[in-house]
Amino acid sequence: MSTKSVRHDVDLAHLPPLTKAQEAALAALAARPDSEIDTSDIPPLTEAFWQNAERGRFYRPVKTSTTLRIDADVLAWLRSQGKGYQSRINAILRREMLAALRSRKTG
C-alpha cells in the first residue's frame, strides 16, 4: 500500500499556468454531458446522512508562525480568558475576514 504525502508549500495564489494538454483535457471534461458520468460507485445520500452532516469537519487550515504587535491591554484580555488565547486571536481574525468577504460579495 502506498501513501501520498500532501504538500503544504504550494502557493495556490501563484500556480503555474496550465499546459495546452491540461487545458484540452479540462475542456473535454467540461463538454461532457452529466449523463455520461459514471456515479455507480457513489452511495446514495439519505436524509439521515444530511441530519448528521458536519460542514468542514476535516478541514484544517495550514498554520504559519508570525510576529504580531498587539496592544498590551488587548493581549491581557485575551489571556485572561484562559488557555488558547492564540486560537482566540485566530478565530476573531477569521470571523472578521469572513464578514469582509461576505460583504464584498453582497456589496
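**Exercise 1. Confidence of the model**

What is the mean pLDDT of the protein, and what percentage of its residues reach 70 or more?

*Solution.* The structure is a predicted model, and its mean pLDDT is 88, with 91% of the residues at 70 or more. Going on to the helices, confidence is lowest in α2, where the mean is 88, and highest in α3, where it is 96.

**Exercise 2. The largest pocket**

Describe the largest pocket by its volume, by the residues closest to its centre, and by the helices and residue classes that form its lining.

*Solution.* Begin with the volume, which is about 600 Å³ for the largest pocket. Its lining consists of 17 residues, and those closest to the centre are Thr64, Thr66, Gln86, Ile89 and Asn90. Next, assign the lining to elements: α3, spanning 72-80, and α4, spanning 85-106, each contribute at least two residues, and the largest share, 7 residues, belongs to α4. Finally, sort the lining by class, which gives 8 nonpolar, 6 polar and 3 charged residues.

**Exercise 3. The salt bridges**

Find how many salt bridges the structure holds, and explain for the pair Arg32 and Glu36 why the contact qualifies and how accessible each partner is.

*Solution.* The structure holds 2 salt bridges. As background, side chains of opposite charge can pair when their charged atoms come close. In one of the bridges the side chains of Arg32 and Glu36 meet at 3.5 Å, taken from N to O, and this pair qualifies because the cut-off asks for a nitrogen of Lys or Arg within 4 Å of a carboxyl oxygen of Asp or Glu. Arg32 has a relative accessible area of 40% and is therefore partly exposed, while Glu36, with 47%, is likewise partly exposed. In another salt bridge the side chains of Arg95 and Glu96 meet at 3.9 Å, again from N to O, and Glu96 counts as partly exposed at a relative accessibility of 47%.

**Exercise 4. The setting of Tyr59**

Locate Tyr59 relative to the helices, decide whether this residue is buried or exposed, and give the separation between its C-alpha atom and that of Leu93.

*Solution.* Tyr59 sits in the loop between α2, which covers 47-52, and α3. The relative accessibility of Tyr59 is 52%, and since the class of exposed residues begins over 50%, Tyr59 counts as exposed. For the last step, Tyr59 and Leu93 are 34 residues apart along the chain, and their C-alpha atoms are separated by 17 Å.

Notes: Residues numbered from 1 in each chain as written. Predicted model: local features only at pLDDT ≥ 70, side-chain atom pairs only at ≥ 80, totals over all residues. Heavy atoms only, no water. 1 Å grid on protein atoms, 1.4 Å probe; cavity = no way out; pocket = protein on both sides within 12 Å on 5 of 7 lines; lining within 4 Å. Points joined across faces, edges and corners; volume = space filled by probe spheres on them. Helix = DSSP H or I, 4+ residues; strand = E, 2+ residues; numbered from the N terminus. Nonpolar A, V, L, I, M, F, W, Y, C, P; charged D, E, K, R; others polar. Buried < 20%, exposed > 50% of the residue type's maximum accessible area, 1.4 Å probe, protein only. pLDDT = per-residue confidence, 0-100.
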